[in-house]
Amino acid sequence: MFARFVMDPDFLSGRPSDSLMLAQWWMQTSPHQTVYVLDDVGHYLGLVRLSADLNWDTPGTLADHMVPAHATATIRPEDEVESLASLFSAHPDWPSIAVVDSQQIMRGVITRDVPLTPRKPAPNYEQAQASGMLAAHLVEVLHSGLIIVDAHGVVRLLNPYGAELLGVTAEHVLDRPYEELAQYLFWHMRDYLRDSAVPKALSAEADNGDREFVIQNGRHIRFSFGTMRERDTLVAIVITFVDVTELRNAEQKAEDTAREAEMAFALALPNSKVEMKLKSSPEYQDLYDPVTGQATVTAIIPDGTYWHVVNGLRIMAELKEIGVFQLVGLDKDTMVQAFIFHDIGKDQPRLALRQSFVPAETFEPGPLHAARSADWAAKDYHLSADVQWIIRYHHTPESDLPNDFPKALKPMWRLLRLIDGLSAGITRRQAKIAPITRDGTILTIREDNDDLRYRRAYTISIYTGEEHSLP
């Protein structure tokens with residue numbers, strides 16, 4: 001069993017500079033007997049275990065008393081936990097072992113009661129297997145369709161669930177040519193001969209594969225088939241199938257909803273020029289090499305800036321749901337306008353697939369296109385001064401903001417920068433953002449990103465900008 005599947009993400013952790021007294025208090029007021037020492041990013045540095053040698057009077061920090069990481073046992077998230085059984089047996093004083101990923105980030109712990117030894121089959125299972133009852137009833141209890149066709153093309157088995165799914169009576173098709181069953185699936189013999197897997201399997205054109213289509217009773221069915229052979233001679237064709245009607249309907253509904261949302265967004269744009277400008281600005285997915293400082297284009301999104309804006313507005317809608325725009329100083333309409341226009345002046349280079357580049361030398365500095373966007377927003381669309389301020393400086397660090405930047409706009413300025421970064425991660429790096437949570441004016445963000453520079457969890461204060469990393 002994978003460690004990531006059964007690990008406990010709840011564990012005691014402290015910083016190297018924390019005092020031993022604090023660690024002892026943690027251990028004595030919780031069920032945990034180990035404090036894992038992590039840096040601010042979450043890298044595993046070592047551990048301190050509760051023991052008779054440590055007492056309240058012992059001076060020093062966790063760094064002074066910890067067992068360093070290289071001297072401890074760890075396990076990777078994708079490793080099998082059964083491998084820890086011998087370690088726990090040899091070290092009865094170890095209550096848990098750290099789960100550490102390839103970047104040395106600690107993800108959780110495996111406690112000593114998790115590793116399992118192989119279990120013997122239940123007695124009644126062995127009896128059912130020996131008597132043949134298991135094999136006899138297996139087909140009947142399958143909650144998916146099963147068809148077996150012999151080498152002569154005759155249906156030899158159709159399980160009850162499958163018969164119900166296809167809308168047929170098993171007695172009408174069993175021990176008869178497969179065409180008797182096919183007439184319930186296909187509208188005409190030519191459709192059967194063109195699209196069915198059975199004729200191809202019988203003629204040795206295909207040994208396995210998948211088919212998916214709507215059968216005559218209106219259900220959307222996915223078929224998978226394989227062939228059983230003995231010395232290259234066909235013995236049987238085995239077909240399994242499931243009803244995917246609800247899934248396909250849900251997908252269609254999602255596509256329709258997304259299309260409606262995109263149309264509604266297009267209507268919200270002031271005119272077609274804005275839509276055309278956003279759609280004509282490409283974005284790139286890339287693979288960054290921190291050693292060389294170069295990135296390689298892995299995908300091109302022709303209308304990427306448009307989808308960057310769409311993704312940002314989706315994040316904004318999520319923030320609205322958790323009450324962010326009910327806070328003083330945060331105006332939803334101002335934020336929406338600012339985000340729609342914040343990249344209107346972006347001038348992207350044209351890169352090719354697999355092209356290598358140095359990001360800082362290839363792309364125009366952010367403050368330049370931000371200023372251009374603000375100028376256009378003012379001249380052509382007469383947006384408010386507040387919106388112009390936020391757009392103009394959305395790529396400027398807080399320490400470099402001009403002295404006359406309105407302090408009352410900083411919460412919205414911070415929020416737009418946050419949304420801009422998260423949306424860029426979704427659009428350009430296929431990042432996954434956990435649902436954002438709010439505690440007063442503090443937001444908790446967790447971003448899972450293939451680019452390790454952006455894979456992080458942290459809290460940010462909307463009003464002060466103060467950030468704190470989380471494990």
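Three elements, α11 (197-202), β10 (208-214) and β11 (220-230), each supply at least two residues of the lining of the largest cavity. This is a predicted model, so let us treat it as such while we walk through its empty spaces and one of its helix contacts. Of the contributors to this cavity, β11 gives the most, with 3 residues. In total 13 residues line the largest cavity, and those nearest its centre are Tyr 178, Ser 196, Ala 197, Arg 211 and Phe 223. By class, the lining holds 9 nonpolar, 2 polar and 2 charged residues. The space inside the largest cavity comes to about 110 Å³, and a search of the whole structure turns up 3 cavities of 30 Å³ or more.

From closed spaces we can turn to open ones. The largest pocket has a volume of about 1,300 Å³. If you would like to find its middle, look for His 395, Gly 421, Ala 424, Arg 428 and Tyr 454, which lie nearest the centre among the 40 residues of the lining. Which helix should you follow along the wall of the largest pocket for the largest share of its lining? That is α19, with 10 residues. The elements that each supply at least two residues here are β13 (283-289), α16 (359-362), α17 (366-379), α19 (410-429) and β19 (456-461). The lining of the largest pocket divides into 15 nonpolar, 8 polar and 17 charged residues.

Strand β19 leads us onward, as it also supplies at least two residues to the lining of the second largest pocket, and so do β7 (106-111) and β18 (442-448). This second largest pocket has a volume of about 660 Å³. Its lining is made of 23 residues, with Ile 105, Arg 107, Arg 456, Ala 457 and Pro 471 nearest the centre. Sorted by class, these lining residues are 11 nonpolar, 4 polar and 8 charged.

Our last stop is a pair of helices. Helix α15 (residues 332-341) packs with helix α18 (residues 385-392) at an angle of about 45 degrees, and their axes are 9 Å apart. Because of that angle, α15 counts as oblique to α18. The crossing of the two helices is right-handed. On the α15 side, the contact is made by Thr 334, Gln 337, Ala 338 and Phe 341, while α18 brings Asp 386, Val 387, Ile 390 and Ile 391. Taken by class, the residues of this contact are 5 nonpolar, 2 polar and 1 charged.

Terms used:
Residues are numbered from 1 along each chain as its sequence is written. This is a predicted model: local features need pLDDT of at least 70, side-chain atom pairs count only at pLDDT 80 or more; totals for chains, interfaces and linings use all residues. Side-chain values use heavy atoms; hydrogens and water are left out. Axes are lines fitted to C-alpha atoms, for helices over the stretch in contact, and angles run from 0 to 180 degrees between N-to-C directions. Helices (H or I, at least four residues) and strands (E, at least two) are DSSP runs, numbered from the N terminus. Angles under 35 degrees count as roughly parallel, over 145 as roughly antiparallel, 65 to 115 as roughly perpendicular and the rest as oblique. A crossing is left-handed if the near helix is turned anticlockwise from the far one by less than a right angle, and right-handed if clockwise. Contact means heavy atoms within 4.5 Å. Ala, Val, Leu, Ile, Met, Phe, Trp, Tyr, Cys and Pro count as nonpolar, Asp, Glu, Lys and Arg as charged, and the others, Gly among them, as polar. On a 1 Å grid over the protein atoms alone, a cavity is a set of points where a 1.4 Å probe fits but cannot get out, and a pocket is an open set with protein on both sides within 12 Å along at least five of seven lines; lining residues have an atom within 4 Å of a point. Grid points are joined across faces, edges and corners, and a volume is the space filled by probe spheres set on the points.
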